[in-house]
Structures are given as C-alpha cells and as structure tokens.
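Here are a few exercises to work through with the model open on your screen. Try each one yourself before you read the solution.

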Amino acid sequence: MASPRTVTVVALSVALGLFFVFMGTIKLTPRLSKDAYSEMKRAYKSYVRALPLLKKMGINSILLRKSIGALEVACGIVMTLVPGRPKDVANFFLLLLVLAVLFFHQLVGDPLKRYAHALVFGILLTCRLLIARKPEDRSSEKKSSLPGNAEEQPSLYEKAPQGKMKLS
C-alpha cells in the first residue's frame, strides 16, 4: 500500500497539474470561456502598461499572455502525467510563475479577490514541493534494525553512577 506521503504528492500533482492546464488554456484560446479569455486579455494589457520595462524589451501583452499560458499548460501536463524529478522542476517553474503573477497583480493595484486564487495555488505548490522533496524518515527503520529491542537498552542517564559527589 502506498504511504500517505505518496498519496498526498500524487493527489496534489494531478489536481495542480489539471488546474494549470485549464488556466493556461484559458490564456491561449477563447474556446473554453470567451468571457475569461477577454478578461485575461484585458488584465495582461494592464500588466504591460504598468511595467514599461516589458515594452522596452519588446514584450507586448499578447506575447506575455501566450508565453505564460503555454508555460502553464506545459508544466501542468508534466505535473499530471510525467513521473519523477520533472514534476519537481515543473512545480518550481509554476511557483516562480505564480510569484510573477502576484507581482503583476500588486503592481496594478488589484484587490485581493482578483488574485486570491494565485495565493492559494502558490501555497499548494509550495506544500507539494516541500512534501515531495522532504527526505524519507529513516529513524523508525534504524530503531527497528538495531540488535535487540531499543527499549531494553538503558539511556545514558541510567548508566551514570548514582551517588554523592565528593568535593575537595
């Protein structure tokens, strides 16, 4: 049977992966929701207006929106389908992307309700990455592999001589 840690990492990976595939697709095409697509277009125009450095670099709102959407779809697919270390890399890229989106929302002065989902999914990505990268707890295995029972061995305190100390 799979450990609770494994079940948690797999469940978070699939749920987060599907969410980011969905959100990335909304940024790329109006087929899922025309209203959401229009809102994304409007939002990314305001992000580029608020950060003139992007314009100087030759990045317009369409390029920014489509590149972020494509990265979300690609990383979401990796998080959902690909086993092993690539999931952690995709998780890291998505976490950086969420931080950038939070920066954009703060830059244009959006209210919390407009970016609360980004905060929640950023926390979930962080939790998934921490759980996945945490080393296995081997202390319980080491105790059971020691010769004899660990409870039978006296502690250092019990081995210390008990009695009066002579001070001279």
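**Exercise 1.** Find the largest nonpolar core and work out which residues have the most contacts inside it.

*Solution.* Keep in mind that you're looking at a predicted model.
- Step 1: Count the members. The largest nonpolar core has 29 residues.
- Step 2: Pick out the well-connected ones. L16, F20, Y44, L64, L94, F104 and L125 have the most contacts inside this core.
- Step 3: Map the core onto the helices. At least two residues each come from α1, α2, α4 (61–81), α5 and α6. The largest share belongs to α5, with 8 residues.
- Step 4: Zoom in on one member, Y44. Skip its neighbours within four places in sequence, and Y44 turns out to be in contact with K27, S61, L64, R65, I68 and V101.
- Step 5: Recall the general background. Nonpolar side chains tend to be buried together in soluble globular proteins.

**Exercise 2.** Decide whether F19 is buried or exposed, and say why.

*Solution.*
- Step 1: Locate the residue. F19 sits in helix α1.
- Step 2: Compare its area with the cut-off. Buried means under 20% relative accessible area. F19 has 18%, so it counts as buried.
- Step 3: List its partners. Beyond its neighbours within four places in sequence, F19 is in contact with H117 and F121.
- Step 4: Check a distance along the way. T80 is 61 residues from F19 along the chain, and 9.8 Å separates their C-alpha atoms.

**Exercise 3.** Describe the largest pocket: what volume does it have, and what lines it?

*Solution.*
- Step 1: Start with the space, which is about 350 Å³.
- Step 2: Look at the walls. There are 19 lining residues, and M23, K27, M40, H105 and H117 are the closest to the pocket's centre.
- Step 3: Sort the lining by class. You get 13 nonpolar, 2 polar and 4 charged residues.
- Step 4: Assign the lining to helices. α1 (4–28), α2 (34–50), α5 (85–108) and α6 (112–133) each give at least two residues, and α2 makes the largest contribution with 6.
- Step 5: Link back to the earlier exercises. K27, one of the residues closest to the centre, is also a contact of Y44, while H117, another of them, is in contact with F19.

**Exercise 4.** Sum up the whole protein in a few numbers.

*Solution.*
- Step 1: Tally the secondary structure, which gives 8 helices and 0 strands.
- Step 2: Work out burial. Of 168 residues, 31% count as buried.
- Step 3: Take the surface. About 11600 Å² is accessible, and carbon and sulfur atoms account for 66% of that.
- Step 4: Check the contacts with a separation of 6 or more. Residues 24 or more positions apart make up 66% of them.

How values were computed: Residues are numbered from 1 along each chain as its sequence is written. This is a predicted model: local features need pLDDT of at least 70, side-chain atom pairs count only at pLDDT 80 or more; totals for chains, interfaces and linings use all residues. Side-chain values use heavy atoms; hydrogens and water are left out. On a 1 Å grid over the protein atoms alone, a cavity is a set of points where a 1.4 Å probe fits but cannot get out, and a pocket is an open set with protein on both sides within 12 Å along at least five of seven lines; lining residues have an atom within 4 Å of a point. Grid points are joined across faces, edges and corners, and a volume is the space filled by probe spheres set on the points. Helices (H or I, at least four residues) and strands (E, at least two) are DSSP runs, numbered from the N terminus. Ala, Val, Leu, Ile, Met, Phe, Trp, Tyr, Cys and Pro count as nonpolar, Asp, Glu, Lys and Arg as charged, and the others, Gly among them, as polar. Buried means under 20% relative accessible area, exposed over 50%, partly exposed in between (1.4 Å probe, protein chains only). Contact means heavy atoms within 4.5 Å. Accessible areas come from the Shrake-Rupley method with a 1.4 Å probe; for residues, only the protein chains shown count as cover. A nonpolar core is a set of buried Ala, Val, Leu, Ile, Met, Phe, Trp, Tyr and Cys residues joined through side-chain atoms within 4.5 Å.
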